[in-house]
Amino acid sequence: ALAPQQAIYRDIFDWLNNTIKIGAEIEDTHFVIKAHPAELSKGTDQCLGDWIDENYATLPTNFTFLPPDTDVNTYSLIRDLDAGIVYASTVGLEMAFNRIPVVTGGYPPYHGFGVTYDPTTQSAYKKKIEKINQLECSEDMGERAERFAHLLFISKAFDYPYSSIDIGQHTY
C-alpha cells in the first residue's frame with residue numbers, strides 16, 4: 001500500500017516532501033507529522049525521523065514531528081484535528097469515521113469510495129492542501145466511512161489462530 005502504481009506520488013517520501021513544501025506556505029495552519037509506532041517494533045526500510053533529519057535542517061515552524069515512540073495517542077490527536085492528510089493509512093478512514101475531512105496523497109484501500117478527498121494529480125492535491133481549512137467531512141462522507149469501516153473491520157475480519165497477542169507481545 002505504500003507505493004501503489006495508482007498513487008500520484010512516487011513514494012511516501014516524495015509525498016511528504018511536497019506536503020511540507022505546500023504546508024510551509026500556509027501560515028495559519030499547524031501540521032503534525034506522526035510516525036507509525038511499528039517503526040520501533042517491526043522496523044522499516046527507512047525511518048521517518050531519519051528521513052526528516054537527512055532532508056531538513058529544521059522543519060518549517062508550523063510543523064511538528066511526533067516520533068514513533070511518542071506518548072501522543074492517535075485517537076486523542078484525531079479529536080483535536082480540523083483535517084487530516086494521509087498517504088495510505090488506515091488512520092485516514094478512522095478520521096473520516098469521526099467526521100474529520102481527509103485528503104489522501106497515496107492510494108489507501110478506501111480511495112475512490114467517497115470517504116475522503118482523493119486528488120488524482122499532484123496539482124489537484126496541492127489545491128486541496130492549500131484550502132485544507134475550508135474542507136468539511138460531509139454527512140455522506142461520514143456515513144460512507146462508517147460502512148467501509150464495518151466492511152473492513154467487521155465483515156471481512158476472520159479468525160487467525162496462528163498467532164496470539166500477549167499485552168504488547170506477538171507470539172508466533
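Helices (H) and strands (E) are DSSP runs, numbered from the N terminus. The model in these views is predicted.

**View 1. Overall fold of the predicted model.** The protein has 7 helices and 6 strands. From the N terminus, the elements follow the order α-β-α-α-β-α-β-α-β-α-α-β-β. Of the 172 residues, 39% are buried. Take the contacts between residues at least 6 apart in sequence: 59% of them join residues at least 24 apart. The accessible surface of the protein is about 10900 Å². Carbon and sulfur atoms account for 51% of that surface.

**View 2. Pro37 in the loop between E1 and H2.** Strand E1 covers residues 31–34, and helix H2 covers 38–41. Pro37 sits in the loop between them. Its relative accessible area is 42%, so Pro37 ranks as partly exposed. Pro68 is 31 residues away from Pro37 in sequence. In space, the C-alpha atoms of Pro37 and Pro68 are 4.3 Å apart.

**View 3. The largest pocket and its lining.** The largest pocket holds about 1500 Å³ of space. Helix H1 (12–24), E1, H2, H4, E3 and H5 each give two or more residues to its lining. H1 gives the most, with 5 residues. In total, 49 residues line the largest pocket. Lys34, Ala35, Ile85, Val86 and Ser89 lie nearest its centre. By class, the lining has 28 nonpolar, 13 polar and 8 charged residues.

**View 4. Helix H5, from its N-terminal cap to the residue that follows.** Helix H5 spans residues 90–97. Ser89 caps the N-terminal end of H5. A side-chain oxygen of Ser89 lies 3.0 Å from the backbone nitrogen of Val91. Within H5, the buried residues are Gly92, Leu93, Glu94, Met95 and Ala96. These buried residues pack against helix H4 (74–79), strand E3 (84–86), strand E4 (102–104) and helix H7 (139–155). Beyond the helix comes Arg99, in the loop between H5 and E4. Phi of Arg99 is near 65 degrees, a positive value in a residue other than glycine. Arg99 has a relative accessible area of 29% and is therefore partly exposed.

**View 5. Thr116 in the loop between E4 and H6.** Helix H6 covers residues 122–130, and Thr116 lies in the loop between E4 and H6. Thr116 counts as buried because its relative accessibility is 7%, and the cut-off for buried is under 20%. The side chains of Thr116 and Asp118 form a polar contact of 2.6 Å. Leaving aside residues up to four places away in sequence, Thr116 touches Gly92, Ala96, Val102, Thr104, Tyr110 and Met141.

**View 6. Met141 on helix H7.** Met141 is a residue of helix H7. Met141 is buried, at 10% relative accessible area. With residues up to four places away in sequence set aside, Met141 touches Gly114, Val115, Thr116, Tyr117 and Glu136. Thr116, the residue of View 5, is one of these. Met141 and Ala96 are 45 residues apart along the chain. Their C-alpha atoms are separated by 7.1 Å.

**View 7. Thr19 on helix H1.** Helix H1 contains Thr19. At 5% relative accessibility, Thr19 is buried. Residues up to four places away in sequence are again left out of the contact list. Thr19 then touches Phe63, Ile85 and Tyr125. Ile85 is also among the residues nearest the centre of the largest pocket.

**View 8. Tyr125 on helix H6.** Tyr125 belongs to helix H6. Tyr125 is buried, with a relative accessible area of 0%. Its side chain makes a polar contact of 2.8 Å with the side chain of Trp15. Not counting residues up to four places away in sequence, Tyr125 touches Ile8, Tyr9, Trp15, Asn18, Thr19, Ile22, Ile85, Val103, Thr104, Gly105 and Pro119. Thr19, shown in View 7, is one of these residues. Thr104 is 21 residues away from Tyr125 in sequence. The C-alpha atoms of Tyr125 and Thr104 are 8.1 Å apart in space.

Definitions and conventions
Residues numbered from 1 in each chain as written. Predicted model: local features only at pLDDT ≥ 70, side-chain atom pairs only at ≥ 80, totals over all residues. Heavy atoms only, no water. Helix = DSSP H or I, 4+ residues; strand = E, 2+ residues; numbered from the N terminus. Buried < 20%, exposed > 50% of the residue type's maximum accessible area, 1.4 Å probe, protein only. Contact = heavy atoms within 4.5 Å. Areas by Shrake-Rupley, 256 points an atom, 1.4 Å probe, with all protein chains shown as cover. Polar contact = N/O pair within 3.5 Å; in protein donor to acceptor, adjacent residues only side chain to side chain. 1 Å grid on protein atoms, 1.4 Å probe; cavity = no way out; pocket = protein on both sides within 12 Å on 5 of 7 lines; lining within 4 Å. Points joined across faces, edges and corners; volume = space filled by probe spheres on them. Nonpolar A, V, L, I, M, F, W, Y, C, P; charged D, E, K, R; others polar.
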